[in-house]
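Hello,

Here is the model for your files. My notes come after it.

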4 protein chains.
Amino acid sequence: MNESNEYRELRQRVLEANLLLARSGLVILTWGNVSEADRAADVFAIKPSGVPYDRMTADDIAVLSLETGEKVWGRLNPSSDTPTHLKLYQAWPDVNGVCHAHSTYATVWSQAARAIPCLGTTHADTFDGEIPVTRHLTAQEVDEAYEAATGDVIIEAFRSRDPSGTSAVLVRQHGPFTWGKNAVDSVEHMMILEQCARISHLQYEQGATSLHESLKKLDEPLRRKHYERKHGANATYGQRG
Amino acid sequence: MNESNEYRELRQRVLEANLLLARSGLVILTWGNVSEADRAADVFAIKPSGVPYDRMTADDIAVLSLETGEKVWGRLNPSSDTPTHLKLYQAWPDVNGVCHAHSTYATVWSQAARAIPCLGTTHADTFDGEIPVTRHLTAQEVDEAYEAATGDVIIEAFRSRDPSGTSAVLVRQHGPFTWGKNAVDSVEHMMILEQCARISHLQYEQGATSLHESLKKLDEPLRRKHYERKHGANATYGQRG
Amino acid sequence: MNESNEYRELRQRVLEANLLLARSGLVILTWGNVSEADRAADVFAIKPSGVPYDRMTADDIAVLSLETGEKVWGRLNPSSDTPTHLKLYQAWPDVNGVCHAHSTYATVWSQAARAIPCLGTTHADTFDGEIPVTRHLTAQEVDEAYEAATGDVIIEAFRSRDPSGTSAVLVRQHGPFTWGKNAVDSVEHMMILEQCARISHLQYEQGATSLHESLKKLDEPLRRKHYERKHGANATYGQRG
Amino acid sequence: MNESNEYRELRQRVLEANLLLARSGLVILTWGNVSEADRAADVFAIKPSGVPYDRMTADDIAVLSLETGEKVWGRLNPSSDTPTHLKLYQAWPDVNGVCHAHSTYATVWSQAARAIPCLGTTHADTFDGEIPVTRHLTAQEVDEAYEAATGDVIIEAFRSRDPSGTSAVLVRQHGPFTWGKNAVDSVEHMMILEQCARISHLQYEQGATSLHESLKKLDEPLRRKHYERKHGANATYGQRG
């Protein structure tokens with residue numbers, strides 16, 4: 001079961017997608033995990049649990065059955081979020097990459113249990129509508145098969161939405177999951193989600209400050225002085241002839 | 001039409017301006033685009049659509065007619081925002097570089113459809129007054145020739161302003177465009193716009209907190225203890241004789 | 001007392017933990033300090049006071065008695081916060097690494113004298129409940145043995161809590177201390193504390209903006225235009241066949 | 001007047017202090033300037049105007065008389081803020097380094113014309129009390145000798161304060177100046193000022209959110225699940241035996 005070249009390309013792609021996530025600045029320490037499915041081989045490969053990114057190799061990646069979730073290759077335990085990934089692959093045949101992170105702004109919206117509305121074209125370029133929030137997990141769901149139940153409530157949130165159109169979700173009080181046509185694609189969606197979450201958060205702050213538009217503007221003599229120091233016939237800035 | 005040295009210097013300058021934008025931290029993935037016009041040759045060169053910055057070369061840059069907008073050199077599709085750039089070059093003969101990005105704070109102001117007021121000398125050093133917001137696009141304008149219409153509403157916003165004095169605009173619900181005497185100049189204006197947008201946003205937040213100036217100051221014994229641990233005759237910090 | 005190989009491994013580990021803190025972006029200049037205890041040798045090693053991180057070597061690390069706090073190895077003065085570290089090692093036999101920093105968000109909560117509540121799973125993954133704040137120090141405590149008193153009020157805050165479960169505290173009007181099973185572990189807890197402090201701070205901001213959920217969403221024609229420029233049969237973005 | 005080795009060490013120190021400012025992340029483009037005085041030689045050296053940091057050499061630094069402000073060495077124009085630096089050196093004999101920047105948070109406080117209160121020990125470690133704001137400049141002062149008048153109002157703000165105790169000021173609607181015993185020292189004070197300005201700004205935000213402490217905490221079953229996945233006898237996270 002551990003012949004070193006089995007699933008080599010899949011494991012290499014999953015390694016690189018996890019390293020892309022680490023480089024993106026979205027995670028610290030060993031946080032976050034990315035997987036990719038190979039439908040023909042009926043398996044998916046995923047990051048191991050608790051291994052530092054700077055020591056991770058393709059031989060640390062775990063490969064599991066898409067049918068049973070059992071490990072079919074690898075010596076390390078897969079990410080503790082593996083049952084969530086498996087649920088998404090089983091429910092959504094067009095999704096072949098899944099990413100999870102605790103990126104700052106997407107996590108803020110998740111913890112606040114607020115869907116991210118589509119407030120601008122940055123969001124509209126990638127996501128076909130608002131980013132939904134999953135429902136509350138019952139104490140029993142948390143207790144019995146927590147990570148699988150997390151997958152179930154994600155799928156529930158997309159009962160009347162196309163997961164290919166809106167490739168991201170906010171798990172309530174937890175954090176974001178994104179997906180795509182492969183592992184790298186799911187990480188790029190996480191990067192875009194975080195940027196949209198940040199812009200929308202800051203725009204909410206602006207909304208909250210709208211009563212303060214009477215802030216004192218720069219008085220005209222000082223404004224003019226600064227502009228004219230650098231521009232026009234009498235500019236003194238820089239190394240002019 | 002694709003002789004490799006044609007428009008070489010122009011394409012090289014446009015490549016470098018796009019890489020400067022990527023390095024500036026203002027964009028993620030393939031977001032953003034920069035162009036430069038060569039008025040003598042009656043063309044402008046612009047970033048290709050959807051090509052990663054780390055693989056982009058001068059041979060990927062597209063060159064188009066300033067008159068018709070038709071491609072005159074290159075094998076790749078130009079940026080999807082190309083018709084907006086063209087409109088600005090056609091309307092404003094002194095502008096020879098244009099930049100577009102979804103930089104965080106300038107996008108927040110754009111989405112909020114709020115002009116950025118001149119609140120300090122940082123803004124006044126570069127921009128001759130507030131940064132205006134374009135008007136709302138009608139559903140018909142969005143539907144028919146969206147990118148060209150975006151150029152039209154930018155030009156409209158400058159009917160009674162000099163685009164050389166205020167080299168930036170916020171496209172409503174979208175994001176910023178900046179311009180200058182060449183491609184690099186337009187990117188530098190984007191960097192300055194983002195810094196001004198950020199400072200002004202944070203100052204609005206301070207305005208919103210003005211009722212809270214009664215925040216508890218550090219009590220005097222603790223304040224004095226910390227200052228005197230590091231300064232004066234009885235200081236204990238560091239490697240003193 | 002200064003034989004160059006004495007306590008060499010302990011000092012090397014403490015050096016590396018301090019450099020990890022510097023690389024983490026949590027401190028500027030010479031701010032912050034990390035220590036590790038060797039219970040068998042009855043000593044702990046700690047960063048010297050006021051030495052820049054880029055010139056620090058294992059020979060600059062000071063080693064002190066866990067019993068008396070007296071220096072047993074090294075030519076430089078230990079960190080001015082050394083008495084606080086000593087108090088924690090003496091009170092908590094299972095703690096063998098301590099870290100102090102003025103990281104931005106954890107310091108904000110400390111200065112505001114607010115415990116960080118557990119608002120999501122990011123926090124719950126590491127800390128067993130809220131991060132407590134120490135009580136106010138009296139003027140006499142500040143005056144007489146300030147750094148030791150800081151250790152005492154930390155221990156007080158954990159009288160009815162297990163320091164192994166919640167490995168962090170906010171010292172009122174000052175900043176955070178974290179701890180762990182060794183020096184690197186305490187630095188990782190500081191990195192996690194800062195991320196939790198940041199997410200919780202931003203979520204408070206969202207709470208403050210909840211009356212503004214009526215913010216104008218992107219109107220449907222523009223939203224659809226942007227999504228369809230990049231997706232589906234009529235997409236124009238990128239280098240499609 | 002331009003013998004290449006004259007004032008070499010002074011110019012080299014001023015170059016390095018300006019490069020430290022550029023590396024610190026506090027400035028973009030050519031923004032900011034640092035100077036250092038040599039009291040024995042009765043001169044001070046300062047950054048040239050409008051020269052990019054990555055091409056700046058010690059031969060670009062300008063040297064001016066401390067008495068008259070006339071240039072005594074160098075082929076480039078000194079920073080346009082030079083008259084402000086000169087005023088401070090003339091008024092304060094113990095100050096031998098001056099730094100100016102438009103760093104984000106210190107500029108926000110300057111534009112808001114709010115003194116930065118001492119809210120915690122991070123501030124108290126370096127600055128002996130609040131960071132003051134200069135008075136409003138009259139239109140005549142702006143018009144006649146703007147940069148020198150900026151120096152005058154800084155000195156005015158310290159009439160009843162010791163500039164060696166509080167080595168920073170906020171110029172109203174403009175930005176911060178800091179100083180110290182040499183050029184590098186003034187840059188380090190700018191780095192500390194920015195960190196204090198940021199922490200205080202964020203703490204004001206927290207004050208503004210104090211009515212929202214009723215934010216929903218993580219419910220107990222989910223909180224416990226996450227903590228216990230990673231800690232204790234039944235932990236499943238990582239590569240355990």
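The notes below cover how the copies are arranged, one interface and one helix.

This is a predicted model: local features need pLDDT of at least 70, side-chain atom pairs count only at pLDDT 80 or more, and totals for chains, interfaces and linings use all residues. Residues are numbered from 1 along each chain as its sequence is written, chains are lettered from A and ligands numbered from 1 in the order in which they are written, and side-chain values use heavy atoms, with hydrogens and water left out.

Arrangement. A turn of 180° with a shift of 0.0 Å along the axis lays chain C on chain B, with an RMSD of 0.0 Å (least-squares superposition on C-alpha atoms of residues with pLDDT of at least 70 in both). The two copies are therefore related as by a two-fold rotation axis. Chain C superposes on chain A by a rotation of 90° with 0.0 Å of shift along its axis (RMSD 0.0 Å). That is the relation of a four-fold axis.

Interface of chains C and B. Here 31 residues of chain C are in contact with 31 residues of chain B (heavy atoms within 4.5 Å). The rule finds two salt bridges across this interface (side-chain nitrogen of Lys or Arg within 4 Å of a carboxyl oxygen of Asp or Glu). B:Arg229 forms a salt bridge with C:Asp81, with the closest N and O atoms 3.6 Å apart.

Helix H1 of chain A. H1 (residues 8–23) has 16 residues (helices are DSSP runs of H or I, at least four residues, numbered from the N terminus). A:Gly25, whose phi is positive, near 80°, follows H1(A).

Regards

Definitions and conventions: Helices (H or I, at least four residues) and strands (E, at least two) are DSSP runs, numbered from the N terminus. The expected span of a helix is 1.5 Å times one less than its number of residues.
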